[in-house]
Amino acid sequence: MKVIILPTAEEVGDHAARAIIRGVASGTISVLGVATGSSPLPVYRALAERGGANLRTLTAYALDEYVGLPGTHPQSYRSVINAEVTVPLGLDPDRVHVPDGSAVDIEAACVSYESAISDSGGIDLQILGIGSDGHIGFNEPTSSFASRTRVKTLAPQTRADNARFFDSIDAVPIHCITQGLGTIMEARQILLVARGARKAIAVAAAIEGPITSMCPASILQMHPSVTVVLDAAAASMLRLTEYYNYVAANLPIWQR
Ligand code: F6R
């Protein structure tokens, strides 16, 4: 796992965006996994500013969606991805996929989401945020490491964290569709971004703690290609900060 610690959220966004742009230009990234929430917003902003026409050919898959919010609701992840990713990056809306949280047959919608990802050749790079309880996607603590796209019940903590996007906590849906941990682990590269002190405990548990379903993000320790980009506040509970900075300052020439 590569851990990059930068002073500000803007630098986090910039660093992550440059890595994505390099991947698109070199042909290693054509299918992008996108997260919602506030963590990746500086990445999307930097991508929109620097990305150019190359990005327009990307196919994208969202990690998750609320169950029961119509796609037209401003807080549905379909709307959020459209406003934060599809439009600013100039992507073709037909190639931007979000799980269907309003499907009549929701189980079938989960299965067909998995099929669509594999029909696209799999996800080249998955962008992730992390919940204050260590979730990735909406795989809450105790989610199976083998899980696939399915319906999950949001933890009360997650609903409370996400209440800021709604008029009240009661308006936050209880259920969601999320890619599973097994699905996420199949992405060829993973880029996790976190910022703010509210994430510091979860970030430390994910990177330096034991691999345990109590911190779902800790499964990323088993992935061969993970980069974590943090601002100083999100990194504040890490024990090996000096080592991560030393590694970053002494990258082999071919990795610079
Ligand atoms: C959203 C998602 C979640 C968020 C996490 C952090 O698609 O998959 O895992 O990344 O809840 O949310 P923010 O970034 O809003 O703190």
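## From a cavity to the sheets

The largest cavity takes the largest share of its lining, three residues, from helix H5. That is a good place to enter this model, which is predicted. The lining of the largest cavity counts 23 residues. Thr36, Gly37, Ile130, His135 and Asn162 lie nearest its centre. The space inside the largest cavity comes to about 290 Å³. Three cavities of 30 Å³ or more are found in the structure. How is such space found? A probe the size of a water molecule is rolled over the atoms, and this shows where empty space is left.

Stay with H5 for a moment. The helix spans residues 156-162, and arginine 159 has its place there. Is arginine 159 buried or exposed? Its relative accessible area is 16%. Buried means under 20%, so arginine 159 counts as buried.

What does arginine 159 touch, once its neighbours within four places in sequence are left aside? The contacts are Leu154, Ile169, Asp170, Val172, Pro173 and Ile174. Take two of these partners in turn. Proline 173 offers its backbone oxygen, which lies 3.3 Å from a polar atom of the arginine 159 side chain. Isoleucine 174 is 15 residues away from arginine 159 in sequence. In space, their C-alpha atoms are 7.4 Å apart.

Now turn to the strands. Strands of a sheet pair through backbone hydrogen bonds, and the pairing is either parallel or antiparallel. Both kinds of pairing appear in this model, one in each of the sheets described here.

Begin with the antiparallel sheet. It is open and has three strands, in the order E4-E8-E7. Which strands form the edges? They are E4, at residues 64-66, and E7, at residues 150-153. Each of them pairs on one side only. From one strand to the next, the twist averages 30°.

Strand E8 covers residues 175-178. Follow its pairing with each partner. With E7, E8 pairs in the antiparallel sense over four bridges. Here arginine 150 stands opposite threonine 178 of E8. With E4, E8 shares three bridges, and these two strands also run antiparallel. In this pair, tyrosine 66 stands opposite cysteine 176 of E8.

The other sheet is open too, with seven strands. Read across it, and the order is E1-E10-E9-E6-E2-E3-E5. The pairing is parallel. E1 (2-6) and E5 (96-97) are the edge strands, each pairing on one side only. Look inside the sheet at one pair, E2 and E3. E2 holds residues 31-34, and E3 holds residues 59-62. Four bridges join these two parallel strands. Glycine 33 stands opposite tyrosine 61 of E3.

Several strands of this sheet lead on to the largest pocket. E1, E9 (189-194) and E10 (226-231) each supply at least two residues of its lining, as does helix H1 (9-26). Which element gives the most? The answer is H1, with five residues. The pocket has 22 lining residues in total. Lys2, Ala19, Arg22, Thr227 and Gln255 lie nearest the pocket's centre. About 550 Å³ of space lies in this pocket.

So the tour has visited two spaces. One is the largest cavity, where H5 gives the largest share of the lining. The other is the largest pocket, where H1 gives the most.

Technical notes
Residues numbered from 1 in each chain as written. Predicted model: local features only at pLDDT ≥ 70, side-chain atom pairs only at ≥ 80, totals over all residues. Heavy atoms only, no water. Pairing = 2+ DSSP bridges. Axes fitted to C-alpha atoms, helices over the stretch in contact; angles between N-to-C directions. Buried < 20%, exposed > 50% of the residue type's maximum accessible area, 1.4 Å probe, protein only. Contact = heavy atoms within 4.5 Å. Polar contact = N/O pair within 3.5 Å; in protein donor to acceptor, adjacent residues only side chain to side chain. 1 Å grid on protein atoms, 1.4 Å probe; cavity = no way out; pocket = protein on both sides within 12 Å on 5 of 7 lines; lining within 4 Å. Points joined across faces, edges and corners; volume = space filled by probe spheres on them.
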